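Please open the model in your viewer, with side chains available for display, and follow the stops below in order. Each stop says what to select and then what is to be found there.

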Amino acid sequence: MEHAVIEKANPIALSEDQKAALNKYKIQARKDNEIFLRQHPEVSCLISDFLHEVLLQRPEQVVEFAANHFTQPDIRTRINSQIKEEKKLLRREARNAAKSAKTA
């Protein structure tokens with residue numbers, strides 16, 4: 001004998017309108033975040049630099065390590081150098097792509 005499944009109303013469940021509004025908000029937040037990160041390449045460089053050092057050094061006290069890492073006097077210079085190198089790499093890749101497109 002099959003048992004009928006009776007779903008009880010979930011008081012914390014979202015209505016269809018609420019779900020649609022939430023999805024719209026999530027999509028807009030992702031777009032806004034993407035725009036912000038493209039305008040601020042230093043964020044990516046900061047995170048990348050920090051993760052590189054954490055994985056290289058594997059400190060026992062990660063929070064203390066992070067505090068020291070982000071307060072180093074030369075961090076601005078290091079990050080700016082990384083940004084310049086990334087821009088050079090992107091320009092080089094763009095030139096190579098343009099050359100490949102011409103020969104195709």
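## First stop: a salt bridge within α1

Select E16, which is exposed, with a relative accessible area of 58%. Before going further, please bear in mind that this is a predicted model. Now add K19 to the selection; the side chains of K19 and E16 meet in a salt bridge, at 3.5 Å from N to O. Both residues belong to helix α1, where they stand three residues apart, or about one turn of the helix. An α-helix has 3.6 residues a turn, so residues three or four places apart point the same way. K19 counts as partly exposed, because its relative accessibility is 38%.

Stay with helix α1, which covers residues 16–39, and select L22, another residue of this helix. L22 is partly exposed, at a relative accessible area of 35%, and together with L14 and Y25 it makes a nonpolar surface patch of about 300 Å². Displaying L14, L22 and Y25 as a surface will show this patch.

## Second stop: the whole chain

Clear the selection and colour the protein by secondary structure, which shows four helices and zero strands. Followed from the N terminus, the elements run α-α-α-α. Of the 104 residues, 11% count as buried, and the accessible surface comes to about 9,600 Å², of which 57% belongs to carbon and sulfur atoms. If contacts are taken between residues at least 6 apart in sequence, 43% of them join residues at least 24 apart.

## Third stop: the two sides of α3

Which residues of helix α3 are buried? Select residues 62–70, the extent of α3, and then pick out F65, A66 and H69, which are the buried ones. They cover an arc of only 100 degrees around the axis, and therefore lie on the same side of α3. Turn the view to the other side of α3, where V63 and E64 are exposed. Next, show α2 (41–57) and α4 (75–103), since both are included in what covers the buried residues of α3.

Keep F65 of helix α3 in view. F65 is buried, with a relative accessible area of 15%. Leaving aside neighbours within four places in sequence, F65 is in contact with F50, E53, V54, Q57 and P59. For one of these, V54, a distance can be drawn in the viewer: F65 and V54 are 11 residues apart in sequence and 8.0 Å apart in space, from C-alpha to C-alpha.

## Fourth stop: a buried acid in α2

From F65, move to E53, which lies in helix α2. E53 is buried and yet has no salt bridge, the nearest side chain of opposite charge being that of R78, 6.2 Å away. A salt bridge requires a side-chain nitrogen of Lys or Arg within 4 Å of a carboxyl oxygen of Asp or Glu, which is why a separation of 6.2 Å does not qualify. Once neighbours within four places in sequence are set aside, the contacts of E53 are with R58, F65 and H69; two residues named at the previous stop, F65 and H69, are thus also reached from E53.

## Fifth stop: the network around R78

Which acidic partners does R78 have? Side chains of opposite charge can pair when their charged atoms come close. Select D49 and R78, whose side chains meet in a salt bridge at 2.7 Å, N to O. This pair links distant parts of the chain, with D49 in helix α2 and R78 in helix α4, 29 residues apart. D49 counts as buried because its relative accessibility is 7%, whereas R78 is partly exposed, with a relative accessible area of 23%.

Now add D74, with which R78 also forms a salt bridge, the closest N and O atoms being 3.0 Å apart. D74 counts as partly exposed, at 36% relative accessibility. Salt bridges that share partners thus join D49, D74 and R78 into one network. To end the tour, display the salt bridges across the whole structure, where a search finds five; among them are the pair of K19 and E16 and the pair of D49 and R78.

Notes:
Residues numbered from 1 in each chain as written. Predicted model: local features only at pLDDT ≥ 70, side-chain atom pairs only at ≥ 80, totals over all residues. Heavy atoms only, no water. Patch = residues over 30% accessible without salt bridge, like charges linked within 9 Å, V, L, I, M, F, W, Y side chains within 5 Å. Areas by Shrake-Rupley, 256 points an atom, 1.4 Å probe, with all protein chains shown as cover. Helix = DSSP H or I, 4+ residues; strand = E, 2+ residues; numbered from the N terminus. Buried < 20%, exposed > 50% of the residue type's maximum accessible area, 1.4 Å probe, protein only. Contact = heavy atoms within 4.5 Å. Arc of directions from axis to C-beta. Lys, Arg positive; Asp, Glu negative; His and termini not counted.
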